[in-house]
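Reader: Please take me through the salt bridges here, pair by pair, and don't skimp on the details. If there is room afterwards, carry on to the odd bits of backbone in the loops.

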Amino acid sequence: MARKSPEEEHPVKAYGWAARDSSGVLSPFKFSRRATLEDDVRFKVLYCGICHTDLHFIKNDWGISTYPFVPGHEIVGEVTEVGSKVTKVKVGDKVGVGYFLESCRSCENCSEGLENYCPKVVLTSGAPYHDGTKTYGGYSNEMVCNEHFIIRFPENLPLDGGAPLLCAGASVYSPMKYYGIAKPGSHIGINGLGGLGHVAVKFAKALGAKVTVISTSDRKKDEALNHLGADAFLISRNVEDMKAAAGTMDGILDCVSAKHPLVPLLGLLKSHGKLVTVGVPAQPLELPIAPLVVGRKLVGGSNVAGIAETQEMIDVAGKHNITADIELVSMEDLNTAMERLAKGDVRYRFVIDVANTLKAP
C-alpha cells in the first residue's frame with residue numbers, strides 16, 4: 001500500500017515550515033494533524049523557541065533525521081479545543097509542549113514521572129508516532145497532544161520569553177534538583193553563558209545558591225554579574241584565577257556544546273563535588289579518572305525533565321519571574337536566524353512569533 005502524503009495522513013489540515021534535506025533550508029510546508037481525541041488538547045501556536053537541537057536535526061548532524069522535518073519543541077499557545085475527558089485545561093488556557101509529546105506510560109521510568117527517559121519516548125519533531133505517522137513540531141500553526149504531556153503556563157509568565165524554558169529551563173532545572181547542586185548554602189558554577197547557561201544562572205539564584213559563571217573570556221562579565229545576577233565570574237583561561245578558585249564549588253553545570261577540557265572544571269570542585277553536563281558536544285570529551293578518584297568526584301549527565309518536573313519548573317519560573325532573554329523573529333527570517341544561531345550570534349535565544357508571522361501556504 002502506498003504511504004499517504006503528509007497532507008493526507010490525518011483529517012485536520014495544518015501548515016508550517018519544514019526542512020526537506022540536510023541543507024537545513026526551511027520553507028513553507030503543508031501537512032495534517034489528527035482529529036481531537038477524548039483525552040487530547042488542541043491549541044493554536046503563538047510562539048515557538050528555536051533550540052540548537054533544531055539546528056542539529058534540520059542538518060542531520062546526528063544522522064537520525066527524516067525529511068520533511070518540521071522543527072520546534074518549545075511551543076506555547078492558546079487552547080482551542082479539548083476532548084471530552086480532558087480535565088487538566090480548558091479552552092482559552094495558555095499551555096505549552098516541550099521536547100516530547102508521548103511515551104509508553106507503563107515502564108518504570110514513566111511510572112516514576114520520568115517520561116523523558118522512557119525507551120519509547122516520542123519526540124515532538126520528526127519521530128515515529130504510535131499510529132505509524134510522524135510527529136511535526138511547533139514551527140506550525142497548531143498542535144494537538146494528549147493532555148498528560150501538556151504544560152500549564154502561569155498567568156503572569158510571558159509566553160514569548162517563557163517558551164524556551166520548555167527545553168532550556170527543563171534541561172537545567174532537572175539536574176540542579178536531582179544532583180542537589182543548587183540550593184541554599186551551595187556554590188554552583190555555570191560553565192558557558194549561552195542559551196542554557198543564562199537560564200541556569202536565573203534558576204540557580206532562585207533556588208538559593210551562590211553562582212559563579214565560568215567563561216573563556218571576560219566578554220560577558222558585566223552581563224553575568226549586573227544583568228543576570230551571578231555572584232562571581234571566572235575566566236577559565238586565566239590560570240591564576242582558576243588556581244585561586246580550586247576546590248570551592250559543590251557542583252558545576254556544564255552547558256557548553258563544543259569540545260572542551262574537563263580537567264580544569266574538575267579542579268574547581270570540592271571533594272565529593274559533581275560536574276553535570278547538559279551540553280552535547282559532537283565530539284567525545286576526554287575524561288581522566290585520577291581527579292575523580294582522588295576527590296571522590298562525580299561526572300554525570302541529564303536530559304530534559306519529565307512532565308511533573310517541567311510543570312514544577314514553569315511554576316517556579318512564574319513565582320520568580322524567570323524568562324529567557326530572547327530575540328523575537330518572524331517566520332520569514334527563520335533561515336537567517338538559523339545561520340546566526342550556527343555562529344552563536346544570538347543573545348540568548350531566538351523565539352518565532354508564529355501567530356503574527358506564519359502565513360498559510
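Author: Let's fix the term: a salt bridge here is a side-chain nitrogen of Lys or Arg within 4 Å of a carboxyl oxygen of Asp or Glu. By that rule, the structure holds 16 of them. Keep in mind that this is a predicted model, where local features need pLDDT of at least 70, side-chain atom pairs need 80 or more, and totals for chains, interfaces and linings use all residues. Numbering starts from 1 along each chain as its sequence is written, and side-chain values use heavy atoms, without hydrogens or water.

Start with Arg34 and Asp40, whose closest N and O atoms are 2.8 Å apart. Arg34 counts as buried (under 20% relative accessible area, with over 50% called exposed and anything in between partly exposed, using a 1.4 Å probe and protein chains only). Its own value is 16%. Asp40 is buried too, at 1%.

Now compare the setting of Lys90, which pairs with Asp93 with 3.0 Å between the closest N and O atoms. Lys90 is exposed, at 53% relative accessibility.

Then there's Glu332 and Lys359, whose side chains meet at 3.0 Å, N to O. Glu332 sits in the loop between strand 16 and helix 11, while Lys359 is in the segment after helix 12 (354-357), so this salt bridge ties together parts that are 27 residues apart in sequence. (Helices, H or I of at least four residues, and strands, E of at least two, are DSSP runs numbered from the N terminus.) Glu332 is partly exposed at 40%, and Lys359 is exposed at 58%.

One more set to look for: Arg42, Glu81 and Glu142 are linked in a network of salt bridges.

On to the loops. A cis peptide bond joins Tyr67 and Pro68, with omega at about 0°. Pro68 belongs to the loop between helix 1 (52-58) and strand 4 (75-82). That loop also holds Asn60, where phi is near 55°, a positive value in a residue other than glycine. Asn60 is partly exposed, with a relative accessible area of 25%.

Further along, a cis peptide bond joins Arg347 and Tyr348, and omega there is about -5°. Tyr348 is in the loop between helix 11 (334-342) and strand 17 (349-352).

Asn321 has a positive phi as well, again near 55° and again in a residue other than glycine. You'll find Asn321 in the loop between helix 10 (307-320) and strand 16 (326-329). Asn321 is exposed, with a relative accessible area of 59%.

Last stop in the loops is Lys297, between helix 9 (290-295) and strand 15. For a lysine you may want the number: its relative accessible area is 17%, so it is buried. Counting contacts as heavy atoms within 4.5 Å, and leaving out residues up to four places away in sequence, Lys297 touches Leu266, Gly267, Leu269, Lys270, His272, Gly273, Pro291 and Leu292. For a sense of distance across the model, the C-alpha atoms of Lys297 and Ala127 are separated by 36 Å, with their positions 170 residues apart along the chain. Strand 15 itself covers residues 298-301 and includes Val299, which is partly exposed at 31% relative accessible area.
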